[in-house]
Amino acid sequence: MEIKADTTVCIGAGMCALTVPAIFDQSEEEGTVVVLDSTPPAELEDAVRRAVTLCPSGAISVV
Amino acid sequence: MSDLTLTTTRQRPFDPPDEIAELREQTPIHRMTYADGHLGWIVTSYAAARAILADARFSNRPELMHPLIPARMELAGDQALRVPPGFFLRMDAPEHTRYRKLLTGQFTVRRMKELEPRIAEITDSCLDAMEAAAKPVDLVQEFALPIPSLVICELLGVPYEDRAQFQEDTKVLVNLEIKAEDAMGAMTRISAYLYGLIQRKRAKPEDDLLSGLIENGELNDEELTGVAFLLLVAGHETTANMLGLGTYALLTNPAQLALMRDDPSAVENGVEELLRYLTIIHLGPVRSALADVEIEGRLIKAGESVAIHLPVANRDPSRFPDGDALDLTRPATGHLTFGHGIHQCLGQQLARAEMRIAYPALLRRFPGLRLAISPEEVPMRSDMSIYGVHRLPVTW
Ligand code: HEM
Ligand code: SF4
């Protein structure tokens, strides 16, 4: 799994960082998504998928 | 014309009106007549609600919107409802984006975690005052209102001495029964106060959100006033009503109350479930189509208004099985209580932090907490844009 994030559409709602703090953070300045590890370990893949559906702006996706 | 208009009358205090819940069983999107005679739509399914809220072809601009219920008639129309500068909730992208980007850094999960000790102190001082007061007390006045009020005032840098007038004015704003001129009066007073506060902070910056925004330099004073106004109003009565209504719901569901009080691992999800079950933004949001859009086989024409009935969507059995039950252990994330799409609540992580601290603190301080009147007598805010209880007399 590979995570893609588009900070231009991210609205900083923080659902990603709340759902999988090991993988997503938010930048200090703008609050937009920061992907800590774009190839998450297998045991976090489900949680990452959940974060993708919870994201209100469609800013994160997985391929 | 459609025979359907929006009812606000509930059969049971925690359940949305039966008539609207029944609509969801028929189709996800229905024709509905708005208070000004406009033939628009109401959306009741989870999937359709999410799709519309995430779709840029639906606008949140007030001048396009038709009033849902008669009490909001006078407030509609382009004169009264022009977006004030900085009031980005009612703007579309890219105008909305400019403001939202400036603020998201202040509301990150991490920032809100840093505020937790301060929220806990504020909560404790409110509980101390409540404990010292003569029983019974009104939980709304002693607990539900002051906590979020103090937190948001502190975040913005609004001095505590000024908050009494604020609570009066914001109450007027969200009351559906009041006359348009009274609402405008309250709005003008709040704005004038905030404008003055911004001048003071410009002269003497402090360590708060407003001073930070001033320093950033991107917004002029009118825009800053609008932003501060939005944060204050949006952060004030929302969380307050969740705390009041949530406590009422727990007091009438003792097994759920015990979970919230005794099991720290139940709190996080328990708060999500209370948010879902109670869905206090209960008469909207409303969006207006900018183009013809087909959703769930229905053609919504450009210019038509669409009301998203969040309480009914949040109980859609295809997303939340047995959604009419309050169950603090069910998987409750993904609810639409904070909206969805670009306007999804900016303050949601703050609201979560406040509720996660305040509910357990209240229930542990007063293990014998109970209603001081019979449950049927609790006055409900059926007619207000934010649902909740007007008063909640409790004893212990
Ligand atoms: C439990 C408490 C709360 C609930 C249920 C709630 C609910 C909502 C909802 C449903 C929206 C979206 C409205 C729409 O799409 O038209 C929203 C937006 C917003 N909320 Fe909240 N809210 C809460 C607490 C807060 C707090 C504490 C703050 C501020 C500190 C806040 C600030 C905002 C702002 C600024 C927006 C506009 C965001 C935008 O347009 O981008 N809210 N809220
Ligand atoms: S959930 Fe989506 S919008 Fe929110 S911070 Fe993460 S990527 Fe951005």
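This is a short dialogue on reading helix contacts, cores and backbone features in a predicted model.

Trainee: Let's start with helix packing. At what angle do the axes of α3 and α10 of chain B cross?

Mentor: Take the two axes and the angle between them. Helix α3 (residues 95-104) of chain B and helix α10 (residues 221-251) of chain B have axes that come within 12 Å and cross at roughly 65°. So α3(B) counts as roughly perpendicular to α10(B), since that class runs from 65 to 115 degrees. The crossing of α3(B) past α10(B) is right-handed.

Trainee: Which residues make the contact between α3(B) and α10(B)?

Mentor: From α3(B) come Arg98(B), Tyr99(B) and Leu103(B). From α10(B) come Glu223(B), Val227(B) and Leu231(B). By class, the residues of this contact are four nonpolar, no polar and two charged.

Trainee: How do I read spacing along a helix?

Mentor: An α-helix has 3.6 residues a turn, so residues three or four places apart point the same way. Now look at burial in α3(B). His96(B), Tyr99(B), Arg100(B), Leu102(B), Leu103(B) and Thr104(B) are buried there. The cover over the buried residues of α3(B) includes α9 (209-216) and α10 of chain B.

Trainee: Next, a second helix pair. Is α11(B) parallel or oblique to α12(B)?

Mentor: The axes of helix α11 (residues 254-262) of chain B and helix α12 (residues 264-278) of chain B come within 7 Å and cross at roughly 130°. That makes α11(B) oblique to α12(B). On the α11(B) side, the contact uses Leu259(B), Met260(B) and Asp262(B). They meet α12(B) residues including Pro264(B), Val267(B) and Leu274(B). The contact residues divide into seven nonpolar, one polar and one charged.

Trainee: Now the cores. Which residues have the most contacts inside the largest nonpolar core?

Mentor: The general idea comes first. In soluble globular proteins, nonpolar side chains tend to be buried together. Here the largest nonpolar core has 89 residues, and Phe143(B) and Leu274(B) have the most contacts inside it. The largest share of this core, 16 residues, comes from α10(B). A second, separate core has 19 residues, among them Ala49(B), Phe58(B), Val293(B) and Phe320(B).

Trainee: What is Phe143(B) in contact with?

Mentor: Set aside its neighbours within four places in sequence. Phe143(B) then contacts Leu127(B), Met130(B), Pro148(B), Leu243(B), Thr247(B), Ala358(B) and Leu362(B). Ser125(B) gives a distance to check: its C-alpha atom and that of Phe143(B) are separated by 9.8 Å, with the two positions 18 residues apart along the chain. Ser125(B) sits in helix α4 (residues 109-132) of chain B. It counts as partly exposed because its relative accessibility is 41%.

Trainee: On to the backbone. Where are the cis peptide bonds you would point out?

Mentor: Read omega. One cis bond joins Ala93(B) and Pro94(B), with omega about 5°. Pro94(B) lies in the loop between β3 (58-59) and α3 of chain B. The bond from Gly284(B) to Pro285(B) is also cis, with omega near 0°. Pro285(B) belongs to the loop between α12 and β5 (286-289) of chain B.

Trainee: And phi? Is Thr279(B) buried or exposed?

Mentor: Thr279(B) has phi near 25°, a positive value in a residue other than glycine. Its place is the loop between α12 and β5 of chain B. Thr279(B) is buried, at 1% relative accessible area. Glu296(B), not a glycine either, has a positive phi of about 50°. Glu296(B) lies in the loop between β6 (293-295) and β7 (298-300) of chain B. At 46% relative accessibility, Glu296(B) counts as partly exposed.

Definitions and conventions
Residues numbered from 1 in each chain as written. Chains lettered and ligands numbered in written order. Predicted model: local features only at pLDDT ≥ 70, side-chain atom pairs only at ≥ 80, totals over all residues. Heavy atoms only, no water. Axes fitted to C-alpha atoms, helices over the stretch in contact; angles between N-to-C directions. Helix = DSSP H or I, 4+ residues; strand = E, 2+ residues; numbered from the N terminus. Parallel < 35°, antiparallel > 145°, perpendicular 65-115°, else oblique. Left-handed = near helix turned anticlockwise from the far one by under 90°. Contact = heavy atoms within 4.5 Å. Nonpolar A, V, L, I, M, F, W, Y, C, P; charged D, E, K, R; others polar. Core = buried A, V, L, I, M, F, W, Y, C linked by side-chain atoms within 4.5 Å. Buried < 20%, exposed > 50% of the residue type's maximum accessible area, 1.4 Å probe, protein only.
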